[in-house]
Structure formats: structure tokens, C-alpha cells
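Reader: I'd like to go through this one at the level of packing and burial. Please spell out the cut-offs as we go.

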Amino acid sequence: MKNISIKFLLVVFKTYLSNLPKSIKVLLLINIVVYFIFIITDWVFSYDLNYIFGAYPTCSEKFRVYGIFTYMFTHNKNLDHIIGNLIFFLLFAPAVSRVIGDKNTIKLYIFSGLITFLSFNYIENNTHNKIADKLTKTGFDVKKIKQDNHGYIKMSTFNNTNETQKILIDLYNNTNTETNGASGSILGFMIIYPFLFIKRKKSILLNLIVLYFVIDITMVINTVINTVIYHDLSELGTTFGHMGGIIGGI
């Protein structure tokens with residue numbers, strides 16, 4: 001009985017995948033293949049390719065133009081990152097794609113990803129400049145801040161620095177780190193979905209969208225609080241990047 005259930009589920013899953021729009025299959029395949037390439041590379045060579053293909057803000061010395069495009073197909077090593085993104089992608093993107101067509105699906109994915117980067121880049125640069133000004137006022141030369149190939153601050157940077165400067169240097173470094181993931185692009189599909197299917201008032205998917213955006217807005221508020229009170233900038237760029245994905249979809 002158990003074998004029959006598994007076979008049935010496999011048939012259903014295979015049928016579901018075969019009926020997906022071509023553009024969705026392509027985007028899905030790219031994300032999955034890239035993820036496993038990154039995992040294998042990290043396992044064999046102990047190197048995270050996100051350092052190369054992630055998107056760095058323009059204020060970072062590691063900024064690369066191609067990263068603006070490649071980051072939206074990459075994910076970190078945590079399995080929940082890619083699984084969570086692809087679940088939402090498969091929930092909303094196929095229905096949207098069937099309405100707007102394959103070409104526009106690709107355009108929407110990339111465009112929302114680009115607006116996500118612009119939002120991320122704006123907040124990172126803005127924060128970067130403010131912290132640089134604060135460091136300069138303490139008498140510290142920001143040009144002395146050096147990073148290794150992984151984006152971590154070299155310990156020599158902290159020589160002859162006081163506690164206030166050390167805190168500011170850590171915050172400064174947070175504005176130089178990369179972002180990765182397809183969530184910004186996927187949010188473009190999620191925000192479009194209710195506009196296309198608004199007549200389905202009792203749709204489970206619409207309820208999920210509302211719940212997701214409530215959670216996302218809560219994250220924004222929490223991020224702002226952490227930034228103002230605790231000076232935690234680790235999620236600031238990501239959170240505003242998500243808002244950019246929503247704007248891109250609209």
C-alpha cells in the first residue's frame with residue numbers, strides 16, 4: 001500500500017511538472033542546478049561560490065556588474081533557503097506565467113530581481129556612507145579597512161582602535177557583503193497574482209499572499225527597530241531588497 005501511495009505521488013508530481021509553462025521549467029532548472037553546483041564546489045573545494053556570483057553593493061570593492069544578474073539564481077547553503085523560495089515560486093509563478101506568457105515571465109523574473117538589487121544597493125550605500133562619516137569623525141581612516149577574499153575584515157584593521165571604532169567597523173563591513181537568492185524575483189510574481197485573480201476571493205493562495213506580506217511587513221518593522229536600537233544592519237539590505245521585488249512586480 002505504501003509503495004502504491006509513493007508511486008501515485010510520483011506520478012502526480014511528474015504530471016504537475018510536465019504541465020508547467022516552459023519558462024517556469026527553465027527558471028526552476030537553473031535555480032536547482034546552480035544550487036547543487038555551489039553545494040558540490042563547497043564540499044569538494046571548501047569554497048562558497050556566492051562570494052563570486054552574489055551581488056555586492058556598489059560601495060563594496062568586490063562589486064561586479066554581472067553579479068546584479070547572477071545573484072537572483074543563487075542561494076546559500078542552507079536547504080531551507082532554496083526550498084522556501086521554490087515553494088512560493090511554484091505556488092504563484094505558473095498561474096501568472098500562463099496569463100502573461102513565457103517571454104514576459106522571464107522579463108518579470110529578471111526585472112523584479114533588478115529592482116530588488118537597486119533597493120538593496122540604495123540602503124546599503126546610504127548606510128555605508130553614514131557609518132563612514134561616523135568613523136571619520138572618530139579619527140579613523142576608512143581606507144585602512146581591508147577584507148579577505150571571503151569578505152571578512154582582516155584583523156590588522158582593528159590595530160590601535162577603540163571599542164566605538166570596532167563597533168562602527170563591523171557595521172561598515174556589513175554594508176559591503178553580498179546578497180543572494182531568488183526571493184526578490186519571486187515576490188514580483190506574488191504581488192501580481194492577486195491582481196490577475198482578484199475575483200477568487202476565497203482562494204487559499206490569496207490568503208497565503210496576505211499572510212506572507214503581513215509577515216514581510218513585520219520583518220521590515222523588526223529590522224528598523226533592530227537598526228535604530230541595536231544597530232544590527234545584517235538584515236537591512238535583504239528586507240529592503242524584498243520591498244524592491246514587490247515594487248518591481250507592481
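**Packing, cores and loops**

Reader: Helix 5 and helix 8 are oblique to each other. At what angle do their axes cross?

Author: This is a predicted model, so local features need pLDDT of at least 70 and side-chain atom pairs count only at pLDDT 80 or more, while totals for chains, interfaces and linings use all residues. Residues are numbered from 1 along each chain as its sequence is written, and side-chain values use heavy atoms, with hydrogens and water left out. An axis is a line fitted to C-alpha atoms, for helices over the stretch in contact, with angles from 0 to 180 degrees between N-to-C directions; under 35 degrees counts as roughly parallel, over 145 as roughly antiparallel, 65 to 115 as roughly perpendicular, and the rest as oblique. The axes of helix 5 (residues 79-100) and helix 8 (residues 183-196) come within 8 Å, and they cross at roughly 50°.

Reader: In what kind of crossing does helix 5 pass helix 8, left-handed or right-handed?

Author: The call depends on how the near helix is turned from the far one by less than a right angle: anticlockwise is left-handed, clockwise right-handed. For helix 5 passing helix 8, the crossing is left-handed.

Reader: How many residues in the contact of helix 5 with helix 8 are charged?

Author: Contact means heavy atoms within 4.5 Å. From helix 5 come, among others, Asn85, Phe89, Ala93 and Val96, and helix 8 brings residues including Ser183, Ile186, Phe189 and Tyr193. Ala, Val, Leu, Ile, Met, Phe, Trp, Tyr, Cys and Pro count as nonpolar, Asp, Glu, Lys and Arg as charged, and the others, Gly among them, as polar. This contact has 13 nonpolar residues, two polar ones, and, as for charged, no residues.

Reader: Is Asn85 buried or exposed?

Author: Asn85 is found in helix 5, and it is in contact with His75, Gly181, Ala182, Ser183 and Ile186, leaving aside neighbours within four places in sequence. Buried means under 20% relative accessible area, exposed over 50%, and partly exposed in between (1.4 Å probe, protein chains only). At a relative accessible area of 11%, Asn85 is buried.

Reader: Which residues of the largest nonpolar core touch the most other members?

Author: A nonpolar core is a set of buried Ala, Val, Leu, Ile, Met, Phe, Trp, Tyr and Cys residues joined through side-chain atoms within 4.5 Å. The largest one holds 31 residues, and the ones that touch the most other members are Phe89, Tyr109 and Phe189. Helix 2 (22-45), helix 5, helix 6 (102-137) and helix 8 each supply at least two residues of this core. Beyond four places in sequence, Phe189 is in contact with Ala93, Val96, Thr105 and Leu108, among others, and also with two fellow members of that trio; to repeat the full trio, it is Phe89, Tyr109 and Phe189.

Reader: What is the relative accessible area of Tyr109?

Author: Tyr109 lies in helix 6 and touches Leu27, Asn31, Met72, Phe73, Phe89, Ala182, Ser185 and Phe189, not counting residues up to four places away in sequence. Tyr109 is buried, with a relative accessible area of 1%.

Reader: At what angle do helix 2 and helix 5 pack?

Author: In helix 2, residues including Ile24, Leu27 and Tyr35 meet residues of helix 5 including Leu86, Phe89 and Pro94. By class, this contact has twelve nonpolar, three polar and no charged residues. The two helices are roughly antiparallel to each other, with axes 10 Å apart and an angle of about 175°.

Reader: And how many charged residues are in the contact of helix 2 with helix 6?

Author: These helices pack at about 40° with their axes 8 Å apart. Lys22 and Leu27 of helix 2 are among the residues involved, as are Asp102 and Tyr109 of helix 6. The split is four nonpolar, three polar and, for charged, two.

Reader: Turning to loops, what is the phi of Ser46?

Author: Ser46 lies in the loop between helix 2 and helix 3 (50-53), and it is exposed, with a relative accessible area of 58%. Its phi is positive in a residue other than glycine, near 55°.

Reader: How many helices does the protein chain have?

Author: Helices are DSSP runs (H or I, at least four residues) and strands likewise (E, at least two), numbered from the N terminus. Buried residues make up 46% of the 250 in the chain. There are zero strands, and the number of helices is ten.
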